[in-house]
Amino acid sequence: MKSVSVFCGSSEGNDSHIVSMAYELGKNLAQQNLTLVYGGAKVGLMGQVANGALDHDGKVIGVIPDFLKSKEIFHEGITELIIVDNMHERKMKMHELSDGIIALPGGFGTLEELFEVVTWSQLGLHQQPMGILNVNGFFDELLAFLDTMVSKGLLRPENRNMLLVDDSCTGLLEQMKSYRPVHIPKWIKKEQT
């Protein structure tokens, strides 16, 4: 694993521990020589992750749709900024540039990004490790809901287990580095997504 895409909020929310953990994740990525690939903004949790990496001499690649450059306020200090046409191209480019995926707390956009790449994995389009940094139990109810999906027979346990979960940056990165995917035959083409 040489690079990690991070999905997270474009706002900081109101939990200071989540804000500090976003910065801590960026710092950990830099210290482990992992390139951060993220949404390109200097605001919110996105900005915190980027600053954590940059403050510790990390490489940071931002990917932002042209129409969001002013709303999310792109980060001028990152290593590279890639401008794309739309949200789908953003996800595709972030995926192409990374070897793993981490979701931090966020809103609808963060969940949509996470579940799209999880679905791609379920369909056999990639075998990258995918992790959730469960800061202050932020994702507890979501994880319980995934377990309900398994118990109701709507989600296979092996697909549920593709999502790695930890409440610490180092623990999650260690899980991701030692992740061995279950082989799922590819049954869809990238252009069909």
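Tutor: Start with a definition: an axis is a line fitted to C-alpha atoms, for a helix over the stretch in contact, and the angle is taken between N-to-C directions. This model is predicted.

Student: What angle and what axis distance describe the packing of H1 and H2?

Tutor: About 35°, with the axes 6 Å apart. H2 covers residues 44-54. The crossing of this pair is right-handed.

Student: Which residues of H1 and H2 meet?

Tutor: H1 brings Ile18, Val19, Ala22, Tyr23, Gly26, Lys27 and Ala30. H2 answers with Leu45, Gln48, Val49, Asn51, Gly52 and Ala53. By class, that contact has eight nonpolar, four polar and one charged residues. Gly26 and Gly52 are polar here, because Gly is grouped with the polar residues.

Student: Why is H1 called oblique to H8?

Tutor: Take the value: H1 (residues 16-31) and H8 (residues 169-177) pack at about 45°. Now the cut-offs: under 35 degrees is roughly parallel, and roughly perpendicular runs from 65 to 115. The angle of about 45° falls in neither range, so H1 is oblique to H8. Their axes lie 10 Å apart, and the crossing is right-handed.

Student: Which residues make the contact of H1 with H8?

Tutor: Met21, Glu24, Leu25, Asn28 and Leu29 of H1 meet Cys169, Thr170 and Leu173 of H8. The split is five nonpolar, two polar and one charged. The charged one is Glu24, because Glu counts as charged.

Student: What makes H4 oblique to H5?

Tutor: H4 (residues 87-97) and H5 pack at about 60°, with axes 11 Å apart. Roughly perpendicular begins at 65 degrees, so this angle of about 60° leaves H4 oblique to H5. The crossing of H4 and H5 is right-handed. His88, Arg90, Lys91, Met92 and His95 of H4 contact Glu112, Glu113, Glu116 and Trp120 of H5.

Student: How many of those contact residues are charged?

Tutor: Five are charged, with two nonpolar and two polar. Arg90, Lys91, Glu112, Glu113 and Glu116 are the charged ones, because Glu, Lys and Arg are in that class.

Student: Which helices each supply at least two lining residues to the second largest pocket?

Tutor: H5 (108-122), H6 (140-151) and H7 (157-160). The lining includes Phe115 and Val118, Phe145 and Leu146, and Asn159 and Arg160. The pocket holds about 160 Å³ of space.

Student: What is the class make-up of that pocket lining?

Tutor: Eight nonpolar, three polar and one charged. Arg160 is the charged residue, because Arg counts as charged. Thr119, Gln122 and Asn159 are polar, because they fall outside the nonpolar and charged lists.

Notes
Residues are numbered from 1 along each chain as its sequence is written. This is a predicted model: local features need pLDDT of at least 70, side-chain atom pairs count only at pLDDT 80 or more; totals for chains, interfaces and linings use all residues. Side-chain values use heavy atoms; hydrogens and water are left out. Axes are lines fitted to C-alpha atoms, for helices over the stretch in contact, and angles run from 0 to 180 degrees between N-to-C directions. Helices (H or I, at least four residues) and strands (E, at least two) are DSSP runs, numbered from the N terminus. Angles under 35 degrees count as roughly parallel, over 145 as roughly antiparallel, 65 to 115 as roughly perpendicular and the rest as oblique. A crossing is left-handed if the near helix is turned anticlockwise from the far one by less than a right angle, and right-handed if clockwise. Contact means heavy atoms within 4.5 Å. On a 1 Å grid over the protein atoms alone, a cavity is a set of points where a 1.4 Å probe fits but cannot get out, and a pocket is an open set with protein on both sides within 12 Å along at least five of seven lines; lining residues have an atom within 4 Å of a point. Grid points are joined across faces, edges and corners, and a volume is the space filled by probe spheres set on the points.
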